[in-house]
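Colleague: I am new to this structure and would like to go through it piece by piece. Could we take it as questions and answers?

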Amino acid sequence: MARYTGPITKKSRRLKTDLVGGDKNFEMRPFPPGQHGRGRIQEKEYLTQLQEKQKARFTYGVMEKQFVRYYKEAARRPGKTGSNLLVILETRLDNVIYRAGLARTRRAARQLVSHGHFEVNGKRVDVPSYRVEQYDIITVREKSREAFPIQLARETFGERPIPAWLHVVEGTLQVLVHSVPTREQIDSQLTEQLIVELYSKN
């Protein structure tokens with residue numbers, strides 16, 4: 001199961017956006033890395049589109065081949081390709097765990113899922129890319145309820161707003177998926193149309 005394990009703050013600085021959320025190192029140096037990071041870089045159309053795609057990839061922790069598959073799936077679906085792509089990314093299990101407030105970052109959520117701390121509809125799932133659907137119920141496994149990350153999530157519950165398409169039971173941290181999110185319900189700084197324009201050239 002491939003994933004990017006390099007310095008994420010460096011990627012944040014290169015793409016001019018906080019990919020982690022609350023990254024103090026990025027806030028201190030929000031300019032590109034390297035000797036000429038403070039210099040002006042000519043913003044060409046292709047570069048802008050490529051940066052937006054990379055921003056989406058690193059935000060959701062997806063490798064290039066997998067991202068291309070998501071794009072092709074989004075293009076086959078009815079409706080706007082860009083919106084469909086964001087919906088696919090948002091319904092990944094690791095992202096749902098993050099959105100529900102059970103992890104501080106998507107990286108942490110991915111690790112929790114990979115370690116098998118959650119069940120979906122009563123079945124253990126340890127695949128971060130697992131796609132949730134409407135009316136799915138995500139629960140913390142009984143053996144994992146006393147694990148430190150789960151206890152921390154319980155203590156910090158409510159610090160971050162939970163999207164309307166999810167409902168979390170505070171005591172048990174059970175997550176109910178009301179519906180698949182619409183584009184309007186996705187809080188994202190991504191301009192998905194730039195990604196569509198990039199891939200439509202190929």
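Modeller: What follows is a set of questions and answers on a predicted model.

Colleague: In what order do the five strands stand in the open sheet?

Modeller: The pairing in this sheet is antiparallel. From one strand to the next, the twist averages 30°. S2 and S4 each have a single partner strand, so they stand at the edges. The order is S2-S1-S3-S5-S4.

Colleague: How many bridges join strand S4 to S5?

Modeller: S4 covers residues 166-169, and S5 covers residues 174-177. They form a hairpin with four residues between them, and Leu 173 in the turn has a positive phi of about 60°. The two strands run antiparallel, and the number of bridges joining them is four.

Colleague: Which residue in S5 is the bridge partner of Ile 137?

Modeller: Strand S3, residues 137-140, is joined to S5 by two bridges, and these strands run antiparallel. On the S4 side, His 167 has Leu 176 as its bridge partner in S5. For Ile 137 the bridge partner in S5 is also Leu 176.

Colleague: Which residues make up the covered face of S5?

Modeller: S5 has two faces, and the uncovered one holds Gln 174 and Leu 176. One residue of the other face, Val 175, is among those with the most contacts inside the largest nonpolar core. The covered face consists of Val 175 and Val 177.

Colleague: Which helix or strand gives the most residues to the largest nonpolar core?

Modeller: This core has 25 residues, and Leu 93, Ile 97, Leu 102, Phe 118, Ile 138 and Val 175 have the most contacts inside it. Two or more residues come from each of helix H6 (93-99), helix H7 (106-114), strand S1 (118-120), S3, helix H8 (148-155), S4 and S5. The most, four residues, come from H6.

Colleague: How many residues does the other core have?

Modeller: This core lies apart from the largest one. Its members include Val 62, Val 87, Ile 88 and Ile 186. The number of residues in it is 17.

Colleague: Which residues of S5 is Ile 138 in contact with, leaving aside its neighbours within four places in sequence?

Modeller: Ile 138 is in contact with Leu 93, Val 96 and Ile 97, and also with Phe 118, Glu 119, Val 120 and Val 132. Its contacts further include Leu 173. S5 spans residues 174-177. The contacts of Ile 138 in that span are Gln 174, Val 175 and Val 177.

Colleague: How many of the ten residues of helix H5 are buried?

Modeller: H5 covers residues 81-90 and is mostly covered. Among its buried residues are Thr 81, Asn 84 and Glu 90, along with Leu 85, Leu 86 and Val 87. These buried residues pack against helix H3 (45-60), helix H4 (64-76), H6, H7 and H9. The buried residues of H5 number ten of ten.

Colleague: At roughly what angle do the axes of H4 and H5 cross, and is the crossing left-handed or right-handed?

Modeller: The axes come within 8 Å and cross at roughly 125°. That makes H4 oblique to H5. The contact is made by Phe 67, Tyr 70, Tyr 71, Glu 73, Ala 74 and Ala 75 of H4 and by Thr 81, Asn 84, Leu 85, Ile 88 and Leu 89 of H5. The angle is thus roughly 125°, and the crossing is right-handed.

Colleague: Is Pro 181 buried or exposed?

Modeller: Pro 181 is found in the loop between S5 and helix H9 (192-200). Beyond four places in sequence, Pro 181 touches Val 87, Glu 90, Thr 91, Trp 165 and Ile 186. Pro 181 and Thr 91 are 90 residues apart in sequence, yet 8.0 Å apart in space, C-alpha to C-alpha. With a relative accessible area of 4%, where the cut-off is under 20%, Pro 181 is buried.

Colleague: Is Tyr 135 buried or exposed?

Modeller: Tyr 135 lies in the loop between S2 and S3. Although not a glycine, Tyr 135 has a positive phi of about 75°. Because its relative accessibility is 63%, Tyr 135 counts as exposed.

Colleague: What is the relative accessible area of Asn 121?

Modeller: Asn 121 sits in the loop between S1 and strand S2 (123-125). Asn 121 has a positive phi of about 55° and is not a glycine. Asn 121 is partly exposed, with a relative accessible area of 43%.

Definitions and conventions:
Residues numbered from 1 in each chain as written. Predicted model: local features only at pLDDT ≥ 70, side-chain atom pairs only at ≥ 80, totals over all residues. Heavy atoms only, no water. Buried < 20%, exposed > 50% of the residue type's maximum accessible area, 1.4 Å probe, protein only. Pairing = 2+ DSSP bridges. Core = buried A, V, L, I, M, F, W, Y, C linked by side-chain atoms within 4.5 Å. Contact = heavy atoms within 4.5 Å. Axes fitted to C-alpha atoms, helices over the stretch in contact; angles between N-to-C directions. Parallel < 35°, antiparallel > 145°, perpendicular 65-115°, else oblique. Left-handed = near helix turned anticlockwise from the far one by under 90°.
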